[in-house]
Amino acid sequence: MGLLPGGVPVSGATVSAPIVRTRRRSAEARRKDLLSSVATHSVAIGLSAMFLLPLVFVVLTSLMTQHQSLTSDLIPHPIQWSNYRDIFNEQPMLLYGKNTVIYSVLATVGVVLSSVPVAYALGVIEWRGQRAAFLLVIATMMLPTQVTVVPLYLIFVKLHWIDSLKPLIIPAFFGDAFSIFLLRQFFRTIPGELVDAARVDGANELQIMWHVVVKTAKPAIVAVALFQFLYCWNDFFLPLLYTVNNPRIWTLSVGLQQFTGAHRGVLWNLQMAASVLFMLPVIILFLLAQKAFIEGITLTGVKG
Amino acid sequence: MGTVNLELSPARRKARRRRARRRYLTVLLFMSPWIIGFLWLYVYPMFASLYFSFTKYDGLLGSPRWTGLTNYRFMFTHDPLFWQSLRNTIWIVIVGVPLTILLGVGTAYVLTKPRRGRSFYRLAFFVPTMVPAVAASIAFLFLLNPSGPIDTALRFFHIPRPLWFQDPQWSKPGLVLLGLWGVGSTMIIFLAALLNVPSHLYEAADIEGANAWQKFRHITLPMISPVIFFSAVIGVIYGFQYFTEAYVIAQGAGGGTGPGSGSSLGYPLGSTLFYTIWLYQQGFESFHLGYASAMAWVLFVIVMACTLVLIKSSNRWVYYQGGFR
């Protein structure tokens, strides 16, 4: 994994260096470089271990027998793959998975569909009051969920939406402040000439949004979709609040939490197997779309 | 501008006004999802919960009855768990937010150094951020359990082994460790900020003979201070709403007989009873809807106050290039 990459060029360079004085100096500089490189990589490898070892232990424990998972052993012996089958018998994992996918996919579709036009109005069209409207959108992000949750719960009770996925999915179709913010930041980097040219050609705003802005802003839209999907996949507070009394619609978050609460510290192997299955899809998704993720997060730190 | 308008013929002025009106209609159309959502999901609920906070409103079938400041008075004078949950929450914010920023800057700084392997290290530091909060909490419940891997490691090095989530002294530090494991998203923002610092600033400092610390203190730190500020504000806003990890871990480590039994609330000994957990218990397990609304508004005021203090203090320590904001 590229351990001490500084080690290779030292020997190679000494041969080709023509002047003795320069060679000695550069050898010294190279030794210093090598030392600092060793130091850097040692720190980085140590930190990597600290971040990755928890995952390694989780995977190892997910392959232990139940008895062994209660001991302080670190390596599974024997390796019990059947945990990954048993967890499906122990818990309706497929059902939870299906609910999580329904929630995540529909809410993501909703957020993207509703946030793109709003971000377009805030970032591309010019109008008086735009800045105030944008600040209002931002302000909703600062509002703690708890301030609105009681009346919303009562609304959803009246609509008979409690103990269904509706209170989680339907509000997503009314714009999400964070996504609007992110998209707007990106839309503003699109050259104005592109938009103006389309306007001169007689395109209306809807056409400009679709043919110019959305096409140019694909990476930002992908990032927003990924963030929203991940957010829903991980979401716990609202799914717990709205679905806790109906195990048929629990998401993986709620299902695993309830499983853990009911089997305190006795089924570590199955709990770890379930956790691995829960985190695997998003980790794979991240590995596939790493660039979009990191660019998106970086975009949040950019002021506009 | 005004003079130009006067010279326009009435017909052209009319056309211009019509165009402006059409533009506003378009804006309204594009904004409509958010406007409806804003009214439905924010404005109405805010006013309703403010009203509920002055009422006694117990049970979903009940109706709010005006009681003035009773909820607030009860909260401040007769509810020890309110104070305990507030203390725990302030603890986790004051300890967790600075440590997250410190580790975020530290790990990002480490990432700027190696010429090779950077993308591997970045991946390694970042992957824990991808682990869903519930899964990460269950993982740490296991990692820090009295016969878990961390305990084994500490025993190997003959370091005292705390009981973590079984010990009221150590449960919050355990939660902080869990939070720091997910430092990756903070780190990525700092990494971008560090890589954005113009290299000529460092070259100039090198010529003047500045050492590494001086360069960090007088160049890097001011240049990344806007991101530190951003992380602090976000950290405080979300820190006060800390819920999932504490809820999962208290229920998973606790001694009660089942979920919602109440006995695992804030386990052990209320040390993980955070503000939103007490609010959730009051609002949606006991259905004291008026009281929960009052708690929500107190939370809102505290968060606003902290954010304002941060913003006010920011012009003393945050350096903005070009001086805007």
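**Exercise 1.** In this predicted model, how many residues of chain B are in contact with chain A, and how many of chain A with chain B? Then find which helix gives the largest share of chain B's side, and divide that side by class.

*Solution.*
- Step 1: count both sides. Chain B contributes 80 residues, and they are in contact with 73 residues of chain A.
- Step 2: find the main contributor. Helix α2 of chain B, residues 10-52, supplies the largest share of the side touching chain A, with 20 residues.
- Step 3: sort by class. That side of chain B holds 58 nonpolar, 18 polar and four charged residues.

**Exercise 2.** How do helix α7 of chain A and helix α14 of chain B pack?

*Solution.*
- Step 1: locate the helices. α7(A) covers residues 145-158, and α14(B) covers residues 289-317.
- Step 2: read the geometry. Their axes lie 8 Å apart, at an angle of about 155°.
- Step 3: name the arrangement. Angles over 145 degrees count as roughly antiparallel, so α7(A) is roughly antiparallel to α14(B).
- Step 4: give the handedness. The crossing of α7(A) past α14(B) is left-handed.
- Step 5: list the contact residues. α7(A) uses Q146(A), V147(A) and V150(A). On α14(B), they include L289(B), A292(B), W297(B) and F300(B).
- Step 6: classify them. The contact has eight nonpolar residues, two polar and no charged ones.

**Exercise 3.** Into which domains is each chain divided, and what separates their centres?

*Solution.*
- Step 1: take chain A. Domain 1 spans 1-53 and domain 2 spans 93-300. Their C-alpha centres are 45 Å apart.
- Step 2: take chain B. Domain 1 spans 2-52 and domain 2 spans 77-323. Here the C-alpha centres are 40 Å apart.

Note on methods. Residues numbered from 1 in each chain as written. Chains lettered and ligands numbered in written order. Predicted model: local features only at pLDDT ≥ 70, side-chain atom pairs only at ≥ 80, totals over all residues. Domains from an automatic or database assignment. Axes fitted to C-alpha atoms, helices over the stretch in contact; angles between N-to-C directions. Helix = DSSP H or I, 4+ residues; strand = E, 2+ residues; numbered from the N terminus. Parallel < 35°, antiparallel > 145°, perpendicular 65-115°, else oblique. Left-handed = near helix turned anticlockwise from the far one by under 90°. Contact = placed C-beta atoms within 7 Å. Nonpolar A, V, L, I, M, F, W, Y, C, P; charged D, E, K, R; others polar.
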